[in-house]
Amino acid sequence: MADTFPLAMMITPVKPGTRGQAVLERIGASVVLPPKKKMQLLVNPVSFVPPSMPCPQLTPENLCGIHKTKPIRCRTMPFYAYKDEDHQTDLLQPRGGWLCDTSDAAPVVYRDHRIVDRADFEAERGRLLDQASAIRRYADLLLKHSPAMMARVAKAAQTTPTGRVVASFVSYLRYDRGLDLAAFARAQHSLLRDWDTKTSGNPKMTEFNAYYREAAVELERYL
Ligand code: SF4
């Protein structure tokens, strides 16, 4: 998806005892923050697009332009495999702009806190479990070698609700020697430059614009 979405890694501290997050023990990472406070971390790759902008793959007809190859994250929507299956109710409340059929005639998708058609949810959960050890290794090394990143995570952990920290996608790729960084850079670099241009000068998109610019510069050494 490097030629399709502007990619980033999102790190979100999760306060101990947060409901619906028991699965994080299996798929997330953890960190010990000063003074010796252990916290779970949700670490996920994301398409880093400002919330006020549509997905770049949404067509003018409001359809998915890559329906057959869209990410498994989209297939599982509105369910969320990063969260316990019995805590999905709040995800079923339609948000502004959603066209979901919630009438009595609509098919039941969630019953007794269990997802009725489970194929996509289980496929996504399976992939999260498969990647869990790589994610943990990444978080351990990133926070061990970057005091600045550790400080940002510690700060995000202090707010209520907790904040999130964005790291470059290439920061993840560096820890996986099986991946081709040059191929990733070739596919992602011009896309980041396009997003830099699209968001430049918009005061509501400063965080995103800075990310695109810095991530593009970071990639240039691999081109
Ligand atoms: S389904 Fe996913 S890839 Fe397709 S338009 Fe929606 S968010 Fe984008």
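Two residues are in contact if their C-beta atoms, placed from the backbone, lie within 7 Å. The structure on display is a predicted model, in which local features need pLDDT of at least 70 and side-chain atom pairs count only at pLDDT 80 or more, while totals for chains, interfaces and linings use all residues. Residue numbers run from 1 along each chain as its sequence is written.

**Stop 1: alanine 29 and strand 2**

Please select alanine 29, which lies in strand 2. Helices (H or I, at least four residues) and strands (E, at least two) are DSSP runs, numbered from the N terminus. A residue is called buried if 20 or more other C-beta atoms lie within 10 Å of its own, exposed if 12 or fewer, and partly exposed in between, with C-beta atoms placed from the backbone. Alanine 29 is buried because 21 other C-beta atoms lie within 10 Å. Add Leu41, Val43, Ile135, Arg136 and Ala139 to the selection: these are the contacts of alanine 29 once its neighbours within four places in sequence are left aside. Arginine 137 may be added as well; its C-alpha atom is 8.3 Å from that of alanine 29, although 108 residues separate the two in sequence.

**Stop 2: the nonpolar core**

Next, select Val43 and Ala139, the residues with the most contacts inside the largest nonpolar core, which has 38 residues. Such a core is a set of buried Ala, Val, Leu, Ile, Met, Phe, Trp, Tyr and Cys residues joined through C-beta atoms within 7 Å. Helix 7 (residues 206-219) supplies the largest share of this core, six residues. In soluble globular proteins, nonpolar side chains tend to be buried together. Outside four places in sequence, alanine 139 is in contact with Ala29, Val31, Leu41 and Val43.

**Stop 3: helix 3**

Select residues 119-145, which form helix 3. The expected span of a helix is 1.5 Å times one less than its number of residues. For the 27 residues of helix 3 the expected span is 39 Å, and the end C-alpha atoms are 39 Å apart, so the two values agree. At alanine 132, helix 3 bends by about 45 degrees; the bend is the angle between axes fitted to the seven residues ending at a residue and the seven starting there. Colour Glu124, Arg125, Ile135, Tyr138, Ala139, Leu142 and Leu143, the buried residues of helix 3. Their packing partners include strand 2 (29-33), strand 3 (37-47) and helix 4 (147-158).

**Stop 4: glutamine 40**

Within strand 3, select glutamine 40. This residue is buried because 20 other C-beta atoms lie within 10 Å. Apart from residues up to four places away in sequence, glutamine 40 touches Val14, Gln21, Leu24, Gly28 and Ser30. Alanine 22 is 18 residues away along the chain, and its C-alpha atom is 9.9 Å from that of glutamine 40.

**Stop 5: the ligand**

Centre the view on the ligand and show the residues around it: Cys55, Gln57, Leu58, Cys64, Ile66, Lys70 and Cys74. A residue counts as near the ligand if its C-beta atom, placed from the backbone, lies within 6 Å of it. This shell divides into five nonpolar residues, one polar and one charged. Here Ala, Val, Leu, Ile, Met, Phe, Trp, Tyr, Cys and Pro count as nonpolar, Asp, Glu, Lys and Arg as charged, and the others, Gly among them, as polar.

**Stop 6: backbone features in the loops**

Most residues other than glycine have a negative phi, and most peptide bonds are trans. Select proline 78, in the loop between helix 2 and strand 4 (110-111); the peptide bond from methionine 77 to proline 78 is cis, with omega near 0 degrees. Proline 161 is in the loop between helix 4 and strand 6, and a cis peptide bond with omega of about -10 degrees joins threonine 160 to proline 161.

Move next to aspartate 112, in the loop between strand 4 and strand 5 (114-115). Aspartate 112 has a positive phi of about 50 degrees although it is not a glycine. Histidine 113 also has a positive phi, near 65 degrees. Aspartate 112 is exposed, with 6 other C-beta atoms within 10 Å, and histidine 113 counts as exposed with 11 C-beta neighbours inside 10 Å.

**Stop 7: helix 6**

Finally, select residues 181-199, helix 6. A kink of about 35 degrees is centred on glutamine 188. The buried residues of helix 6 include Gln188, His189, Leu192 and Trp195, and what covers the buried residues includes strand 1 (7-14) and helix 7. Just after helix 6, glycine 201 takes a positive phi of about 85 degrees.
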